[in-house]
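Visitor: I would like to know what stands behind the labels attached to this model. Please take me through them.

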Amino acid sequence: MAIVLELLSRKNIPLKHYKFEQDYVCVGRDFNNDLRLDDPYVCPSHMLVAIDPESGKLMVNDCQSTNGIKVNNKFVRQATLNSHDVIKIGRTRLRIIDTKVPLAEAIPLSELEENLSWLNQSFLAISLSFACLSFLLLSRYLGSVQEFSFIKALPSELGQLAVFCLWPLSFAILAKVVKKESHIVSQFCLTWLVVLLANGLILLQKIAIFNIHPGSWFTWIELVIFAILVSSFIWLSLFIAFHQTNHRRNIIVCAMTFIILAPIYALGFLNIDEFSPRPSYNPILLPPNYNITSASQTDIFIDRANSLFTQVDKLKIK
């Protein structure tokens, strides 16, 4: 029976494992130990982990150390160890691994991971970032009712891009914390693609509002599309950053989507009221660039306006 000890970080993240094909392991700061720990709070000969010849179980013994031994956060002088028990000596954490316990089945490798490998290109990330900046400046130009100034608009749009950068950077940092590959280039490419898609949908929304004047049903369609976009973005970010089962990933996506969208939806619906003494209006003027339908003739427009006033007069009589 082999003795396997796993070195852990302060947050119990596995860093390294040691396998010993012998019945006992001496642990300490001295170079003569089987496992030497470079920890000033560990004694030269701190503890002994050995297999009990009678029971076959692992035992830990304190070798009269200065700071003692903790097993699962409890001080012990001698104790029987079980699989996944955490031993703390000084500031070092070691976990007992039972090699007889079967490991979980491997996570199935998805073809999607291979299909997304094209995102891991630095040139593509740089190109998409410039495309996002150009699209944001174009949207600001189309929505401007005053003289457009490129120099004045550029800092604010660059600041907006910097805010978007927080998302891929946060996933890269989390991946580094858990000792995984950051995939930061893929995360940036995915972020820029979603930004372009979101701004494209906003442009289509303005065109639709300008030309067909949709009713309240259009708001629900916007909410559904926005929810699908956000959840898909989070799902793909998690898929690129971490190796996990689809079930766990789906749970995290649902929770994060709810956390992001619930305040937005709640504030939107709570502000709806039949009457407000201080109504708020949207002062944004849509430029003619959004118009894809033909303009009405003056005579037809006047006739429609007169019919509207006639309908209002009838309502007043009623």
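Guide: What follows is a set of questions about labels, each answered from a value and a cut-off. Note that the model is predicted.

Visitor: Why is H46 called buried?

Guide: The relative accessibility of H46 is 0%. Buried means under 20%, so H46 counts as buried. H46 sits in the loop between strand 4 (35-36) and strand 5 (47-51).

Visitor: What is H46 in contact with, leaving aside its neighbours within four places in sequence?

Guide: The list is V27, G28, Y41, N61, D62, C63, S65, G68, I69 and I89. With G68 there is also a polar contact: the side chain of H46 reaches the backbone oxygen of G68 at 3.0 Å. The cut-off for such a pair of N or O atoms is 3.5 Å. As for N33, its C-alpha atom is 9.5 Å from that of H46, with the two positions 13 residues apart along the chain.

Visitor: D62 is on that list. Is D62 buried or exposed, and how do you know?

Guide: D62 has a relative accessible area of 13%. That value falls under the 20% limit, therefore D62 is buried. D62 belongs to strand 6 (residues 58-62).

Visitor: Which side chains does D62 join through polar contacts?

Guide: One is S65, at 2.7 Å. Another is R77, at 2.6 Å. Both values are within the 3.5 Å cut-off. Beyond four places in sequence, D62 is in contact with H46, G68, I69, V76 and R77.

Visitor: What makes a group of residues a nonpolar core?

Guide: The residues must be buried, be of the listed kinds, such as Val, Leu and Met, and be joined through side-chain atoms within 4.5 Å. The largest nonpolar core here has 23 residues, and V27, L35 and M47 have the most contacts inside it. Apart from that core lies another, of 21 residues, with L136, C165, C189 and F233 among them.

Visitor: What does M47 touch, not counting residues up to four places away in sequence?

Guide: M47 touches V25, C26, V27, V60, N61, C63, I69, I87, I89 and L94.

Visitor: Which residues make the nonpolar surface patch?

Guide: L197, L201, L204, I212, W217, I221 and I225 make a patch of about 650 Å². Two elements, helix 4 (184-212) and helix 5 (217-241), give two or more residues each to the patch. Helix 4 gives the most, with four residues.

Visitor: How do you know that W217 qualifies for the patch, and why is W217 called partly exposed?

Guide: W217, which lies in helix 5, has a relative accessibility of 48%. A patch residue needs over 30%, and 48% meets that. Exposed would need over 50% and buried under 20%, so W217 counts as partly exposed.

Visitor: Why is A106 called exposed?

Guide: The relative accessible area of A106 is 68%. The limit is 50%, so A106 is exposed. A106 is placed in the loop between strand 11 (92-97) and helix 1 (111-115). A106 and T245 are 139 residues apart in sequence, and their C-alpha atoms are 9.8 Å apart.

Visitor: What is the phi of N72, and why is N72 called partly exposed?

Guide: Phi of N72 is near 55 degrees, a positive value in a residue other than glycine. Its relative accessible area is 39%. That lies between the limits of 20% and 50%, so N72 is partly exposed. N72 occupies the loop between strand 7 (69-71) and strand 8 (74-76).

Notes. Residues numbered from 1 in each chain as written. Predicted model: local features only at pLDDT ≥ 70, side-chain atom pairs only at ≥ 80, totals over all residues. Heavy atoms only, no water. Buried < 20%, exposed > 50% of the residue type's maximum accessible area, 1.4 Å probe, protein only. Contact = heavy atoms within 4.5 Å. Polar contact = N/O pair within 3.5 Å; in protein donor to acceptor, adjacent residues only side chain to side chain. Patch = residues over 30% accessible without salt bridge, like charges linked within 9 Å, V, L, I, M, F, W, Y side chains within 5 Å. Areas by Shrake-Rupley, 256 points an atom, 1.4 Å probe, with all protein chains shown as cover. Salt bridge = Lys/Arg side-chain N within 4 Å of Asp/Glu carboxyl O.
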